[in-house]
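User: I would like to go through this model step by step. Please give a reason for each term you use.

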Amino acid sequence: MSRPMEKVVVVVGAGVAGGSAALTLRRHGLPVMLIDEQALPGGQILRAPSDYARHVVPPNHEFADGDRLRNRLNVSGIDLRANTRVWSVSAGETATGVTLDLLSGDHIDRVETDTLVVAGGALERHLPFPGWTDPRITGLAGASILMRNGGVLPGRRMIVAGAGPLLFSVAHQIVELGGEVVAIIDSGRWSDWARLGLALLRDPQRLTLALSWMRRLRRLGVPIHHESHIAAAVSTGSGLSVVVNRTGRGSVTLAADAIACGHGLKPGTAITQALGLPHRHDSAGGYRVPQVDNVGRTGRPGVYVSGDAAGIRGGAVARLRGIVTGHAVAHDLGVIPDRTYRRLVRGPLRRLARLDAVSRRMLPLLNASADLFGAVPDDAIVCRCERLRAKTLREVMQTGAHDLNQIKAWTRCGMGPCQGRMCEDTARGLLASACGVGAEGLDGFTPRIPFFPLPLSALTGDFVYDDIPLPRAAPL
Ligand SMILES: Cc1cc2nc3c(=O)[nH]c(=O)nc-3n(C[C@H](O)[C@H](O)[C@H](O)COP(=O)(O)OP(=O)(O)OC[C@H]3O[C@@H](n4cnc5c(N)ncnc54)[C@H](O)[C@@H]3O)c2cc1C
């Protein structure tokens with residue numbers, strides 16, 4: 001049953017961006033529904049820690065900031081829908097208004113709104129290598145959630161691999177919990193880090209944090225291999241034997257209990273693509289991103305995108321983006337006049353421009369593995385859901401599949417429960433390499449609903465077979 005809520009602003013994602021947008025909207029007196037699949041608001045960086053994690057993880061500003069956000073949301077009068085996933089969205093061709101299908105537990109619901117803010121955050125990119133499906137290998141995001149929010153180490157002796165500043169954040173979290181970092185394997189170049197360091201002079205808070213991590217890791221003698229990547233990981237029974245390729249310096253084999261690896265972030269675009277919003281390729285970040293103005297307005301009236309969903313820039317930018325999107329929605333709905341709106345966004349937009357310029361320096365590092373996606377070895381599993389190896393995908397490309405959706409149709413790559421979240425970047429990289437074109441020219445998999453697997457019972461609801469009105473059989 002659909003419930004029209006034209007006057008209620010629906011915000012998807014209760015991370016730092018969605019939470020800030022929702023609070024700003026409430027400040028302007030607007031009714032807000034805030035939807036998030038997690039049990040508590042906070043999103044990725046302000047995720048609520050478990051009681052155990054509060055005991056074992058050293059106090060940090062993310063716990064404090066997250067608690068503050070949750071407390072403010074609790075008393076704000078916002079209709080908070082936790083443990084609720086948006087599994088489908090639709091909109092008419094011309095009319096305003098969006099319909100969202102929600103799943104909470106095994107209960108489905110449908111809401112309609114004239115004003116939607118999409119703040120669903122980012123997805124991690126994964127570079128496959130032979131052995132990466134071993135259960136001792138996790139994403140950087142997964143490892144971070146286990147450690148920061150669960151207080152649990154994925155392994156005692158760990159390798160941290162991939163691209164971008166998360167490498168150092170996760171390595172630091174491992175030593176904070178008493179683990180050992182065997183090595184940091186970084187796809188990026190030392191010179192890109194030096195450029196980011198210079199840019200961080202304009203963001204002293206982040207610079208101080210980064211320097212404190214680096215000092216501690218250096219004191220512990222953690223080796224850092226730049227321009228390197230994991231070529232293979234083999235189980236030795238009690239641990240992993242990990243082959244690392246280092247550009248121009250040959251390979252090295254390391255032993256570890258577990259690996260945390262992630263090769264950059266990209267905006268989650270399932271909702272914005274399903275709504276048919278225009279997207280563009282961001283060459284610095286190496287991802288597709290919805291086209292928005294500086295406050296999150298899309299080309300479609302009443303639909304806004306905020307935070308990392310509008311391009312990866314980190315938590316501080318996401319918060320400011322949420323605030324300005326909240327003001328923009330209130331202005332566009334006629335709740336605040338032009339002058340008030342301009343006054344309210346002036347300061348946040350100025351700070352946003354400064355931090356945004358710094359965060360853009362981070363993008364080459366997050367995108368440092370771009371060339372490696374096309375060179376994934378034949379025997380590496382690319383699509384984990386359907387257990388498809390790179391060799392199979394290369395074969396269909398040679399047979400004539402020159403479009404990601406064609407590859408999906410021929411092989412089922414991207415058709416499993418993860419809906420291509422894990423394999424799309426690799427499939428695109430392999431295709432770009434096979435066709436000799438830039439990855440930016442290739443569209444992604446077309447998102448299909450449901451965005452996540454749904455229990456059939458949620459769709460059918462409670463029913464008794466005898467109650468189904470079956471037409472009488474035709475007389476023989
Ligand atoms: C492991 C990791 C560590 C990071 N560390 C840092 C750091 O130290 N500093 C920093 O500045 N940035 C960090 N980032 C980046 C950081 O996550 C973002 O910049 C910031 O959290 C973005 O805020 P957001 O509100 O846009 O998205 P998020 O905080 O990711 O919030 C989005 C929310 O939307 C929810 N959601 C998404 N889709 C749906 C759906 N269909 N239905 C319902 N809910 C949905 C998600 O569950 C999530 O709760 C990190 C990212 C990762 C992955």
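**Terms and reasons**

Analyst: Gladly. Keep in mind that this is a predicted model. In the hairpin of S14 and S15, Gly 237 takes a positive phi near 95 degrees, and four residues lie between the strands.

User: How do you know that S14 and S15 pair?

Analyst: Pairing requires at least two bridges between two strands. Strand S14 (residues 228-235) and strand S15 (residues 240-246) have seven bridges, in the antiparallel sense. They therefore count as paired. One bridge links Ala 233 to Val 242 in S15.

User: What makes S15 and S16 a pair?

Analyst: The rule again asks for at least two bridges. S15 and strand S16 (residues 251-256) are joined by six bridges and run antiparallel. So this pair passes too. Val 244 has Val 252 in S16 as its bridge partner. Val 243 stands opposite Thr 253 in S16. S15 and S16 also form a hairpin, with four residues between them. In that turn, Gly 248 has a positive phi of about 75 degrees.

User: Why are S14 and S16 called edge strands?

Analyst: Look at the order of this open sheet: S14-S15-S16, with antiparallel pairing. S14 and S16 each pair on one side only, and that makes them the edge strands. Neighbouring strands here are turned by 25 degrees against each other on average, direction ignored.

User: What is the strand order in the open sheet of five strands?

Analyst: The order is S4-S3-S2-S8-S21, and the pairing is parallel. Strand S4 (79-81) and strand S21 (303-305) are the edges, as each pairs on one side only. The average turn between neighbouring strands of this sheet is 15 degrees, direction ignored.

User: How do you know that S3 pairs with S4?

Analyst: Count the bridges. Three of them join strand S3 (residues 32-35) to S4, and the two run parallel. The threshold is at least two, so the strands pair. Leu 34 has Leu 80 in S4 as its bridge partner.

User: Which helices lie across strands of this sheet?

Analyst: Helix H1 (residues 16-27) lies across strand S2 (9-12) and S3. H1 runs at about 170 degrees to S3. H9 lies across S2, strand S8 (115-118) and S21. H9 runs at about 165 degrees to S21.

User: Why are H9 and H10 called roughly antiparallel?

Analyst: Helix H9 (residues 315-332) and helix H10 (residues 338-360) pack at an angle of about 155 degrees. Angles over 145 degrees count as roughly antiparallel. The two helices are therefore roughly antiparallel to each other. Their axes are 9 Å apart, and the crossing is left-handed.

User: Which residues make the contact between H9 and H10?

Analyst: From H9 they include Val 317, Leu 320, Ile 323 and Val 324. From H10 they include Tyr 341, Leu 344, Pro 348 and Leu 352. By class, the contact has 13 nonpolar, three polar and four charged residues.

User: What makes Tyr 341 nonpolar here, and Arg 321 charged?

Analyst: Both are part of the contact. Tyr counts as nonpolar and Arg as charged, so the two residues fall into those classes.

User: Which domains is the protein divided into?

Analyst: There are domain 1 (2-123 + 266-363), domain 2 (126-263) and domain 3 (376-441). The centres of domain 1 and domain 3, taken over C-alpha atoms, are separated by 31 Å. Their contact takes four residues from domain 1 and five residues from domain 3.

Methods:
Residues are numbered from 1 along each chain as its sequence is written. This is a predicted model: local features need pLDDT of at least 70, side-chain atom pairs count only at pLDDT 80 or more; totals for chains, interfaces and linings use all residues. Side-chain values use heavy atoms; hydrogens and water are left out. Axes are lines fitted to C-alpha atoms, for helices over the stretch in contact, and angles run from 0 to 180 degrees between N-to-C directions. Angles under 35 degrees count as roughly parallel, over 145 as roughly antiparallel, 65 to 115 as roughly perpendicular and the rest as oblique. A crossing is left-handed if the near helix is turned anticlockwise from the far one by less than a right angle, and right-handed if clockwise. Contact means heavy atoms within 4.5 Å. Domain bounds come from an automatic or database domain assignment.
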